[in-house]
Amino acid sequence: MASLRDIQNRINSTKKTKQITNAMQMVSASKLNKAEQNAKSFVPYSDKIQEVVASIANSGEDSNHPMLQAREVKKTAYFVITSDRGLAGAYNSSILRKVYRTIQERHQSTDEYTVIAVGRVGRDFFAKRGMPIAREITGLADQPDFADIKDLTSETVQMYLDEEIDELNIYYNHYVSAISQEVSAKKLLPLTDVSAEGKQLSTYEYEPNQEEILEALLPQYAESLLYGALLDGKASEHAARMTAMQSATDNANDLIDDLSLSYNRARQAAITQEITEIVGGAAAQE
């Protein structure tokens, strides 16, 4: 049985751990509020640019823009959004598990796919397994601006235009609520699902012509989808970390209670033993 000193040391160390996890929980909760606002405020812009693209692309004229045309898939790119740090529960593992399983099922050779990694955890995961990484970015701010990821998104879209890749899929955690995040997998390029179905579209007059407008607008639209997914993923990351730290704090409280009970029982047993020894010693002198 552990000594009183050992139990007390464990109680003290657990209390210190609890202070850390509680502080991390409050920090993540503060970051979550801002990240949630960023994700929600970006939705109107994303919806509007999708409306404009759908209106022009479905104007009745056939567009030959490569971003709207499906072609034979010789190489697939996976745009994977993870975090730079751990301590976020299943936030990273759920994404990476799904991506890894998909790649194993769909591809027989590393020549058939490549990875674009956002976040150190994802980058390290693919690098350790010898999987090809075409682009990567780490160290993004907790509240990233579009300028922080502009180069990566434009390079990714250009890879498709240059036919380095024939399909782009994006994997990230979609923010549902503070306690719920879902792994989202979407095909981003080609933009074969730009549709006006179910929406009341405005009528636009544009110059000089459809092709030139789409030439400028479609890359911006694809880049906005990537940035919107990043904002969504950041909100999910802070929510997952807040939940994980709250769970760790609760577990620390439970452990402290159990250790305190063990300490009191051990102390009571030691006192009882001392009393027994005193009584036994007194009886021996009679």
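Colleague: Which residues is Phe79 in contact with, leaving aside its neighbours within four places in sequence?

Modeller: This is a predicted model. Contact here is a matter of heavy atoms within 4.5 Å. In this structure, Phe79 touches Ile116, Val118, Ile149, Leu152, Thr156, Leu168, Asn169, Ile170, Tyr171 and Leu226.

Colleague: Which core has Phe79 among the residues with the most contacts inside it?

Modeller: A nonpolar core is a set of buried residues joined through side-chain atoms. Phe79 belongs to the largest one, which has 37 residues. Met67, Ile81, Val118, Leu168, Ile170 and Leu189 are also listed with the most contacts inside this core.

Colleague: Which elements give two or more residues to this core?

Modeller: Three helices and four strands are listed by name. The helices are H1 (4–57), H4 (146–161) and H5 (210–285). The strands are S1 (76–81), S2 (113–118), S4 (167–177) and S5 (180–189). H5 gives the most, with 10 residues.

Colleague: What lies apart from the largest core?

Modeller: Another core, of 13 residues. Val99, Ile103, Val115 and Met131 are among them.

Colleague: Now a helix. Which residues of H3 are buried?

Modeller: Buried means under 20% relative accessible area. H3 spans residues 120–128, and its buried residues are Gly122, Arg123, Phe125 and Phe126.

Colleague: Why do they count as being on the same side of H3?

Modeller: Look at the directions from the helix axis to the C-beta atoms. The buried residues cover an arc of only 160° around the axis, so they sit on the same side of H3. Their cover includes S1, helix H2 (91–106), S2 and strand S3 (133–137).

Colleague: What phi does Gly130 take, just after H3?

Modeller: Gly130 has a positive phi of about 70°.

Colleague: On to empty space. How many cavities of 30 Å³ or more does a search of the whole structure find?

Modeller: A probe fits in a cavity but cannot get out. The search finds one of 30 Å³ or more. The largest cavity holds about 50 Å³ of space. Its lining includes Thr82, Asp84, Val118, Ile137, Leu230 and Lys234. By class, that lining has four nonpolar, five polar and two charged residues.

Colleague: What volume does the largest pocket have, and which residues lie nearest its centre?

Modeller: A pocket is open, unlike a cavity. The largest pocket has a volume of about 600 Å³. Of its 26 lining residues, Ser46, Tyr172, Lys186, Leu225 and Gly228 lie nearest the centre. H1, S4, S5 and H5 each supply at least two lining residues. The lining divides into 14 nonpolar, five polar and seven charged residues.

Notes
Residues are numbered from 1 along each chain as its sequence is written. This is a predicted model: local features need pLDDT of at least 70, side-chain atom pairs count only at pLDDT 80 or more; totals for chains, interfaces and linings use all residues. Side-chain values use heavy atoms; hydrogens and water are left out. A nonpolar core is a set of buried Ala, Val, Leu, Ile, Met, Phe, Trp, Tyr and Cys residues joined through side-chain atoms within 4.5 Å. Buried means under 20% relative accessible area, exposed over 50%, partly exposed in between (1.4 Å probe, protein chains only). On a 1 Å grid over the protein atoms alone, a cavity is a set of points where a 1.4 Å probe fits but cannot get out, and a pocket is an open set with protein on both sides within 12 Å along at least five of seven lines; lining residues have an atom within 4 Å of a point. Grid points are joined across faces, edges and corners, and a volume is the space filled by probe spheres set on the points. Ala, Val, Leu, Ile, Met, Phe, Trp, Tyr, Cys and Pro count as nonpolar, Asp, Glu, Lys and Arg as charged, and the others, Gly among them, as polar.
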